[in-house]
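Good morning, colleagues. Please turn to the sequence and the structure that I am about to show.

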Amino acid sequence: MARVFWCILIRDLTLAMRRRTDVLTTLFFFVIVVSLFPLGVGTERKILEILGPGVVWVAALLASMLALERLFAADYEDGTLEQMLLTAQPLSLLVLAKISAHWILTGLPLVLIAPLVGMQYHLTGTAIWVMMLALLLGTPILSLIGAIGAALTLGLRGGGILLSLLILPLYIPVLVYGAGAVEVSRIDLMDVQPYLMLLGAFFLIALILAPLASSAALRISLE
Amino acid sequence: MSLNWFKLASPASFYPVAGRLVPLFWILTVGLLLLGFYWGFFQTPDQLGGSNAQKEYYRIIFIHVPAAWMSMWLYMVIVGWAAIGLVFNTRLSFMMANAVAPTGAIFTFLALWTGAFWGRTSWGTYWDWDPRLTSELVLFFLYIGYIALHSAIDDTRRADRASGLLAIVGLVMVPVIYWSINCPDPTQCAALHQRSDLTRIDGNILFSMLIMTLGFWMYSFATSFMRLRGIILTREAESAWVRELLSQENPK
């Protein structure tokens with residue numbers, strides 16, 4: 001079982017490394033969206049400190065969502081996905097491997113670039129640490145939930161817009177607690193704990209249920 | 001009298017049954033709504049609440065609360081039919097889920113719309129990020145997502161199953177979304193909706209609210225069945241019984 005997981009994970013990562021620009025596009029999209037806000041709302045320090053966490057999270061939501069289309073699309077087009085459905089291995093395990101690869105390629109870079117983005121918004125050192133921790137817990141949830149939508153909209157015309165319509169409402173809890181954690185860390189660092197614990201709980205629930213739902217969705221889309 | 005439920009699960013045999021039920025539900029709708037409006041306008045007190053009383057405008061409650069209840073209930077109905085369809089592979093249950101969705105979306109919109117007017121008069125604002133307002137808005141998005149996904153897929157079988165799965169995922173998320181908007185610490189964010197408690201409401205107000213809810217419910221049945229008949233005819237257009245039906249109605 002673990003071998004299958006690793007096999008798919010390494011394969012997806014290798015494929016992505018052959019075309020590195022795809023990974024960088026998501027990352028730069030994130031940076032550009034975050035950089036646009038100060039130009040729109042003004043560069044006053046106080047406003048930016050308040051807006052910062054929310055803007056970073058919304059940008060992370062959008063970046064992770066835009067990358068979702070690629071999760072199954074290439075494998076769907078060349079028929080690999082159908083072969084995966086036919087294997088004796090549990091489909092949800094294969095899907096989980098693909099989601100993990102997707103997160104490493106789109107979620108993890110966002111976590112790592114967060115300090116840089118945080119500095120644009122004059123966030124303090126602790127706030128940046130909290131934001132990185134919240135993103136580390138939150139971005140996998142985005143990939144997990146997003147995979148359900150990506151599987152449902154596989155091969156549809158106008159898939160991208162439709163995907164955002166389906167998935168963005170489901171992202172709300174992550175946004176609320178992710179941004180909330182950074183927000184309360186400016187008042188008292190101890191208040192951060194419940195937010196991070198709830199994010200962790202969401203992560204565990206999504207980790208169990210999302211691969212099952214996505215593989216059910218894949219079977220519907222490919223039957 | 002024993003009723004064969006499995007017979008009704010076939011679109012061909014449910015089509016005439018729905019046709020006979022539609023006028024009945026319309027009569028019930030009109031009757032209940034007239035009674036509800038009469039009771040709501042003439043048998044209830046002119047104002048609501050104690051020190052900071054809400055005057056005549058509180059009567060929006062007779063549209064607002066039933067619409068909000070129905071919006072949530074109809075989503076459950078969609079999920080229920082979708083789940084039955086996914087498990088038992090029945091065509092009619094997906095058609096039913098599909099027929100209910102627009103009515104549910106309209107009730108959600110109606111609840112938000114009437115809420116905005118009520119909010120304007122009593123809170124002084126059309127919109128606020130109150131937990132219930134926000135979760136009703138999210139419910140509206142879920143309805144729109146369901147309808148959009150269904151209409152984006154040309155293959156009916158895939159459309160039914162995919163949007164059904166989406167509805168179920170949405171239902172799992174609803175409590176999570178509700179509590180996340182409601183925030184973990186209630187002292188930190190104020191909610192504009194006071195805690196509702198049906199036992200504290202004046203009997204006449206409660207009566208007209210419940211009558212209006214029943215009226216809306218019957219309206220949902222009537223419109224869903226009408227839509228269902230349309231869906232059945234469209235999907236079964238190639239089958240023998242529909243051709244026969246059409247040739248009876250339009251003899252050449």
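I shall speak about the fold of chain B, then its contact with chain A, and finally one residue in chain B.

Please keep in mind that this is a predicted model. Chain B contains 8 helices and 0 strands. Following the sequence from start to end, one reads the pattern α-α-α-α-α-α-α-α. The chain has 252 residues, and 36% of these count as buried. As for contacts within chain B, among those with a separation of 6 or more, 77% are between residues 24 or more positions apart.

Let me turn to the interface. Here, 20 residues of chain A are in contact with 21 residues of chain B. On the chain A side, the elements that give two or more residues are helix H6 (125-152), helix H7 (159-167), helix H8 (172-185) and helix H9 (192-222) of chain A. The largest share comes from H9(A), with 7 residues. What is the division into nonpolar, polar and charged residues on the side of chain A that touches chain B? That side has 18 nonpolar residues, 2 polar residues and no charged ones.

My last topic is a single position, B:Ile106. This residue lies in helix H4 of chain B, which covers residues 91-122. Why is B:Ile106 classed as partly exposed? It has 18 other C-beta atoms within 10 Å, and a residue is buried only if there are 20 or more, and exposed if there are 12 or fewer. Finally, B:Ile106 and B:Phe140 are separated by 34 residues in sequence, while their C-alpha atoms are 8.8 Å apart in space.

Key:
Residues are numbered from 1 along each chain as its sequence is written. Chains are lettered from A and ligands numbered from 1 in the order in which they are written. This is a predicted model: local features need pLDDT of at least 70, side-chain atom pairs count only at pLDDT 80 or more; totals for chains, interfaces and linings use all residues. Helices (H or I, at least four residues) and strands (E, at least two) are DSSP runs, numbered from the N terminus. Two residues are in contact if their C-beta atoms, placed from the backbone, lie within 7 Å. Ala, Val, Leu, Ile, Met, Phe, Trp, Tyr, Cys and Pro count as nonpolar, Asp, Glu, Lys and Arg as charged, and the others, Gly among them, as polar.
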